[in-house]
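Good morning, colleagues. I should like to take you through one structure this morning, beginning with the ligand and then turning to a pair of helices and a single loop residue.

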Amino acid sequence: MFKTERPANAWRCRTTDSPRLIWTTGRICVRAGIGENTTFRRFETFEAHRLNTFFGFTLPVCPLGLDDLFFCKTQSYSIFFVYIKISTHTQTFYINLNILNYLEKVVICVIVDWLIVGAGFTGATLAERIASQLDQKVLLVDRRDHIGGNSYDCYNEEGILIHKYGSHTFHTNSSMVWNYLSRFTEWRHYFHNVLAVVDGKKVPVPFNLNSIYALFPQKYAEKLEELLIQHYGYGVKVPILKLRESASGDLIFLADYIYKKVFYHYTLKHWELNPEELDPSVTARVPVYISRDNRYFQDTYQGIPKHSYATLFSRMLNHPNIRVLLNTDYREIIGDIKFKRMIYTGPIDAFFDYKHGTLPYRSLRFDFDTLNQEYFQEAGTINYTNEYEFTRILETKHLTGQISPKTTITYVYPQQHNQQNEPYYPIPRAENRLLYNLYLKEAEQIKDKVLFAGRLADYKYYNMDQAVARALTLFKEIAEKRS
Ligand SMILES: Cc1cc2nc3c(=O)[nH]c(=O)nc-3n(C[C@H](O)[C@H](O)[C@H](O)COP(=O)(O)OP(=O)(O)OC[C@H]3O[C@@H](n4cnc5c(N)ncnc54)[C@H](O)[C@@H]3O)c2cc1C
């Protein structure tokens, strides 16, 4: 029934012959047909445990890939033998599924409860919850070659832990999100500091009292501090637009200064748009922080996963009900997977074949450089608001606390989004929101079968904690409907 050698005349299944996915847990369904465009006829359906009994040993629980399926023609060419390669710790077996006659195609079909597209925080949280709380089977698919979505980190060739898609600092005010993720990671406590180069000096952003003292003569800085505290109080974040409405000429000067030196050119570089062309809420958010607190975030919980984001994700997904398929666009396999429901965290316009038009995104290019020095700069992020084409230089070692005589820095170049790069930032403009709403209406119509969530599916910038919170809320709805 099975051999320990690969059958001599076996040939490998090609993508055109069969999908590249085989699932050995749960139900295995072998379908077969004859000729081109055959409607597949089900020959036999195995339950995994039946197969196990059949072959006398337990099938491994890892998903098998292309290399694991072999076809073997007999002399007469009328019978095809299908071998599945099974590797155990000690041996490799080739199991002969000798049940199929007159085949041109063999599809071993995956049957799961949920197909989840995208292995970022949104998809991973939903997969983990559904698998562990509802005891349902999930196939999680990502077109990238790793889990973790944009939060992914890895060691580069020089052994430095880098954040592949730009520095990611975790911060949240939600104890629910923090406690949930803390099941899968310990934290390295870290407060993010960002400096901006203004008039050749590196000053804290958001712009605060320390920035004022670093840039203006002592006496004038004292005057500005006094005016700010008098008008708004200490510890308050005042949007610069509000500051411009102020009665004091000095505060209007300060607002204009910050707008020009910290915000305007940076916005042009980042979005390739004038601030007026963006949603007014973007400008409204730029604050002066009347404080000596240099931290970029003031959230209650802040940190970096102690053993990397990648470890956090693999712990989340380490559940017998979850299988992960990487390097795969879901569209390549959707016809070969039987699932009850789907959660989609990819771009919503792509899901609907861009039928209402393309939702615009801004992209980034990350140029990495490893240097033979312990540290390159004073903080994890330094913004170059006016000079150079890049907007930031990142140095992840500040975040990870890794000890090494070398360091890797990342230059961040804003880019137009195209087919070759990644969609990072939805462009905050009213007309884009209207376009998104058309897709949202489409999504509403299929919500019994497909649920949309995440920064690409919701066309909304989420911090990591917001993505997790969104996923937890959606999970709650799913669980409540079920009960
Ligand atoms: C430069 C940058 C820096 C950031 N820094 C921070 C930070 O410091 N702190 C913070 O809290 N947040 C930060 N964020 C935001 C953070 O990255 C997001 O909150 C998070 O990635 C959202 O997770 P998600 O699962 O919704 O999306 P993603 O992480 O983007 O995951 C979606 C996944 O879907 C996959 N996918 C898409 N289409 C398909 C398809 N057709 N088939 C298969 N797979 C598909 C993609 O490959 C991707 O892996 C930053 C974002 C950027 C761009």
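**The ligand and its surroundings**

Thr-122, Asp-142, Arg-455, Tyr-462 and Met-464 come nearest to the ligand, out of the 34 residues around it. Please bear in mind throughout that this is a predicted model.

Several polar pairs involve oxygen atoms of the ligand. For Thr-122, a polar atom of the side chain lies 2.7 Å from a ligand oxygen. Asn-150 takes part through its backbone, where an N or O atom is 3.0 Å from an oxygen atom of the ligand. Thr-169 likewise presents a polar backbone atom, at 2.8 Å from a ligand oxygen.

**Two helices in contact**

Two of the residues just named, Thr-122 and Met-464, also appear in the contact of helix H2 with helix H14. In general, two packed helices are described by the angle between their axes and the distance between the axes. Helix H2 covers residues 121-133 and helix H14 covers residues 464-482; their axes come within 8 Å and cross at roughly 35°. The crossing is right-handed.

Which residues meet here? From H2 come Phe-121, Thr-122, Thr-125, Leu-126, Arg-129, Ile-130 and Gln-133. H14 contributes Met-464, Ala-467, Val-468, Ala-471, Leu-472, Leu-474, Phe-475 and Ile-478. By character, the residues of this contact comprise eleven nonpolar, three polar and one charged.

**A loop residue, Gln-298**

I turn now to Gln-298, in the loop that runs between strand E17 (287-289) and strand E18 (301-305). Is Gln-298 buried, partly exposed or exposed? Its relative accessible area is 23%, and because buried would require under 20%, Gln-298 counts as partly exposed.

Leaving aside residues up to four places away in sequence, Gln-298 touches Lys-237, Tyr-289 and Asp-293. Two of these contacts include polar ones between side chains: Gln-298 with Lys-237 at 2.6 Å, and Gln-298 with Asp-293 at 3.3 Å. Thr-172 is 126 residues from Gln-298 in sequence, yet the two C-alpha atoms are 8.9 Å apart in space.

**The chain as a whole**

Finally, the overall figures. The protein chain contains 14 helices and 26 strands. Of its 483 residues, 55% count as buried. Among contacts between residues at least 6 apart in sequence, 71% join residues at least 24 apart.

Thank you for your attention.

Conventions
Residues numbered from 1 in each chain as written. Predicted model: local features only at pLDDT ≥ 70, side-chain atom pairs only at ≥ 80, totals over all residues. Heavy atoms only, no water. Axes fitted to C-alpha atoms, helices over the stretch in contact; angles between N-to-C directions. Helix = DSSP H or I, 4+ residues; strand = E, 2+ residues; numbered from the N terminus. Left-handed = near helix turned anticlockwise from the far one by under 90°. Contact = heavy atoms within 4.5 Å. Nonpolar A, V, L, I, M, F, W, Y, C, P; charged D, E, K, R; others polar. Buried < 20%, exposed > 50% of the residue type's maximum accessible area, 1.4 Å probe, protein only. Polar contact = N/O pair within 3.5 Å; in protein donor to acceptor, adjacent residues only side chain to side chain. Near = heavy atom within 4 Å.
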